[in-house]
Amino acid sequence: MRLCRALVCALVLALPAVAIAQPPAQQPPPAQGEFVPLSQVPPNEQIPAFTLVAVAYGFVWVVLIGYVWTVSQRLQKVERELSNLDRRGA
Amino acid sequence: MSRIKAILVMVAAMFVAAPWIINAAPYESTMGLVQKIFYFHMPSAFLFLISAIVSGVYSAMFLFGKKPPSDWKALAAAELALVFGTITLVTGPLWARKAWGLWWVWDARLTSSLLLWMIFAAYLLLRRYGGPGSDKLGAGMALFGMANVPFIYVSVNYWRTLHPQTSVVPTLPVSMGGPLWFCFAALLLFFLTMMSLRVRLERQRAALERYYLSEDNP
């Protein structure tokens with residue numbers, strides 16, 4: 001009985017060591033957010049540099065023109081309202 | 001107003017000329033064509049930080065001096081910080097996708113830049129929908145934004161990152177530095193012109209508000 005209890009204790013104590021010694025069931029997924037050399041990027045994921053440059057340049061144009069347009073619209077609206085009030089007051 | 005229009009036409013002419021000037025610059029040996037994004041990305045990023053500093057300084061002046069023109073300038077600079085921040089945060093990943101094979105990495109430079117953009121987006125939302133007292137709350141936010149700027153600038157030198165360090169720009173050859181500073185001059189001129197227009201808009205809005213208040217309380 002004592003021998004049986006000792007064996008169970010030994011088995012319980014040895015379990016974590018056995019678990020640690022087990023090789024992982026599968027390889028961990030590749031780390032995300034790390035440098036991938038351009039040569040290793042699959043061809044279907046490669047984007048031509050010209051497209052990226054054209055999109056970047058076009059985006060800069062769109063944002064800057066859009067901003068000028070919104071500011072001028074807001075300014076025109078306020079100035080129109082002010083001149084209407086001036087005319088009404090005069 | 002006609003002077004502002006003339007400057008805007010000049011800025012537009014500079015932008016039209018920019019692709020030819022950039023095209024004349026030599027190709028960077030490892031990245032090739034995609035490195036040309038740098039000529040807009042870096043000046044935008046620089047003006048993003050400058051706008052944040054301008055907004056922070058005028059916000060501090062408004063908090064201590066309580067003069068409305070300081071608040072108008074802080075608001076104008078905050079809007080421009082959002083514009084240049086958007087350009088930086090969109091053109092950067094377009095370049096990174098080709099150069100690093102990734103659109104985005106959560107490193108100190110990129111994450112803190114996104115955080116600064118979010119601070120100014122929150123600032124503008126607060127000013128738009130915050131109601132009375134939002135000018136002072138916003139000024140406090142802009143100060144937090146400004147405090148973030150030195151951290152963003154030096155982050156590439158202190159933390160592990162894929163982003164180039166601050167030593168790259170001063171060591172550029174003239175053939176690459178020329179187009180870079182040309183684009184920077186165009187964007188700086190745009191920044192100054194839009195600051196002036198945006199402050200004018202706030203001044204007119206304040207005049208309109210005074211007019212309505214005087215009508216309500218004759």
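Start with the crossing of α2(A) and α6(B), which is left-handed (the near helix is turned anticlockwise from the far one by less than a right angle). The model is predicted: local features need pLDDT of at least 70 and side-chain atom pairs count only at pLDDT 80 or more, while totals for chains, interfaces and linings use all residues. Residues are numbered from 1 along each chain as its sequence is written, with chains lettered from A and ligands numbered from 1 in the order in which they are written.

Select residues 49-89 of chain A and residues 174-216 of chain B. These helices, α2 and α6, pack at about 25°, with axes 10 Å apart (axes are lines fitted to C-alpha atoms over the stretch in contact, and angles run from 0 to 180 degrees between N-to-C directions). Helices are DSSP runs of H or I, at least four residues, numbered from the N terminus. The pair is therefore roughly parallel (angles under 35 degrees).

Next, show side chains in this pair. Among the residues that meet are L64(A) and Y67(A) in α2(A), and F190(B) and M194(B) in α6(B) (contact: C-beta atoms, placed from the backbone, within 7 Å).

Now select residues 108-129 and 134-158 of chain B. The axes of α4 and α5 come within 9 Å and cross at roughly 170°. That makes α4(B) roughly antiparallel to α5(B) (angles over 145 degrees). This crossing is left-handed too.

Finally, go to residues 2-24 of chain B, helix α1, which has 23 residues. Stop at A17(B), where α1(B) bends by about 35° (the angle between axes fitted to the seven residues ending there and the seven starting there). A proline, P19(B), follows within four residues.

Definitions and conventions:
Helices (H or I, at least four residues) and strands (E, at least two) are DSSP runs, numbered from the N terminus. The expected span of a helix is 1.5 Å times one less than its number of residues. Angles under 35 degrees count as roughly parallel, over 145 as roughly antiparallel, 65 to 115 as roughly perpendicular and the rest as oblique. Two residues are in contact if their C-beta atoms, placed from the backbone, lie within 7 Å.
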